[in-house]
Amino acid sequence: MATGRGANGPTKRDRREEAREHARQMREEARKRAQRRRWWIQGSIGVVALAILVVVGLIVYNGVSASANVANPKNMVSNGILLTSTTKAVQTPAIAKGENPTPTTQDNGSGKANITMYVDYQCPYCNQFETANATQIGQWLDGGIATVEIHPIAILDSSSSGTKYSTRAANAAACVANYDPNKYYAVNSALFANQPAEGGTGLTDAKILSVLKGAGASSSAITKCVNDQTFKDWVGSSTTRVLTKPLPNSTMAKLTGTPTVIVNGKQYTGSLTDANAFLQFVGTAVQGTSTAKPTTTPTPTPSK
């Protein structure tokens, strides 16, 4: 029997051989496609993984760098300035670059009122509280029956027509804390006494410096600090911290508005314009936490 091509085309054996060869070629092509696909997938995963690592690395680097490069004011190791009288602040080193603030250790059993305030110098409600209570709080301070810790923050930058007055005023306060801390209480009151209206352009840096000078805080170092906004980044980071993290010496999970006033761990939620309401709250807060004998527990007196 013939094994070559027949008169009418390939023989049966030829067709089988062609089929086998075609199948082999298809298998080889499928193998190559699978290999190319595997290489592509592995390569893509590698590229994506590398991209993720690069992004994460940049985020970590930038975060650390930003934190490491923030200039922190002296005498505000808690991100606030602690006052023991109207003319005396507790002096501390600045927060080390890249480190977190150290909360103030409060002795709430001593019979003293430990008052912590978070304020924005553009906030009209803060101004109301200041106007009503600054005199009596000053009396408590100078009478040795209270401490006051003030945290300047900036949550109302949008209320000064783009000039970011809240940040600039908080920066100015930090400049005073850094260079002339014992004048802080007077400067705090002066910034509120000269508070610009919401929606305006805020005070110029020159006007802020004039307000500080009127309160007794004036030097070339303070002038440069205000004009350069030396502590602008610190204002931003400290504001972000209180808006996202628990407030020390309290049960508050985060700041929800200004003013926030805490006395011996308890948040004041009463009238901002009634000094007697705050007086009564302070008395209750002190008595509720004091371990001193009742006869030795000082009683704050309201301002006249």
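How many residues has helix 8, and how far does helix 8 reach from its first C-alpha to its last? In this predicted model, helix 8 has 15 residues and reaches 21 Å between those two atoms, close to the 21 Å expected at 1.5 Å a residue. Its buried residues are Ala275, Phe278, Leu279, Phe281, Val282, Gly283, Ala285, Val286 and Thr289, and these pack against strand 3, helix 2, strand 5 and strand 6, the last of which covers residues 266-267. An α-helix has 3.6 residues a turn, so residues three or four places apart point the same way.

The chain in which helix 8 sits has a secondary structure of 8 helices and 6 strands, which follow one another along the sequence in the pattern α-β-β-β-α-β-α-α-α-α-α-β-β-α. Of its 304 residues, 41% count as buried, and among the contacts in the chain with a separation of 6 or more, 70% are accounted for by residues 24 or more positions apart.

Helix 2, one of the elements against which helix 8 packs, repays a longer look. Its 19 residues, 124-142, should span 27 Å at 1.5 Å a residue, and because its end C-alpha atoms are 26 Å apart, the model agrees with that expectation. Even so, helix 2 bends by about 55° at Asn133, and Asn133 is itself buried, as are Cys126, Asn127, Phe129, Glu130, Ala132, Ala134, Gln136, Ile137, Gly138, Trp140 and Leu141. The cover over these buried residues includes strand 1 (81-85), strand 3 (113-119), strand 4 (146-152) and strand 5 (260-263), together with helix 4 (184-193) and helix 8 (275-289). Helix 2 is followed by Gly144, whose phi is positive, near 75°.

Ala134, in helix 2, offers a single-residue view of this packing. With a relative accessible area of 15%, Ala134 is buried, because buried means under 20%. Leaving aside residues up to four places away in sequence, Ala134 touches Phe129, Tyr185 and Ser189. Ser189 lies 55 residues from Ala134 in sequence, yet the two are 7.4 Å apart in space, C-alpha to C-alpha.

The remaining features concern empty space within and on the protein. What does a search of the whole structure find in the way of cavities of 30 Å³ or more? The search finds 1 such cavity, and the largest cavity has a volume of about 50 Å³. Its lining is made up of Ser78, Pro103, Thr104, Thr116, Tyr118, Glu149, His151, Pro248 and Asn249, with strand 3 and strand 4 each supplying at least two residues. By class, this lining divides into 3 nonpolar, 5 polar and 1 charged residues.

The second largest pocket, for its part, has a volume of about 170 Å³ and is lined by 14 residues, of which Ser78, Pro101, Arg241, Pro246 and Pro248 lie nearest its centre. Ser78 and Pro248 thus appear in the lining of the largest cavity and in that of the second largest pocket. Helix 7, residues 232-244, provides the largest share of the pocket lining, 3 residues, and the lining as a whole has 7 nonpolar, 5 polar and 2 charged residues.

Terms used:
Residues are numbered from 1 along each chain as its sequence is written. This is a predicted model: local features need pLDDT of at least 70, side-chain atom pairs count only at pLDDT 80 or more; totals for chains, interfaces and linings use all residues. Side-chain values use heavy atoms; hydrogens and water are left out. Helices (H or I, at least four residues) and strands (E, at least two) are DSSP runs, numbered from the N terminus. The expected span of a helix is 1.5 Å times one less than its number of residues. The bend at a residue is the angle between axes fitted to the seven residues ending there and the seven starting there. Buried means under 20% relative accessible area, exposed over 50%, partly exposed in between (1.4 Å probe, protein chains only). Contact means heavy atoms within 4.5 Å. On a 1 Å grid over the protein atoms alone, a cavity is a set of points where a 1.4 Å probe fits but cannot get out, and a pocket is an open set with protein on both sides within 12 Å along at least five of seven lines; lining residues have an atom within 4 Å of a point. Grid points are joined across faces, edges and corners, and a volume is the space filled by probe spheres set on the points. Ala, Val, Leu, Ile, Met, Phe, Trp, Tyr, Cys and Pro count as nonpolar, Asp, Glu, Lys and Arg as charged, and the others, Gly among them, as polar.
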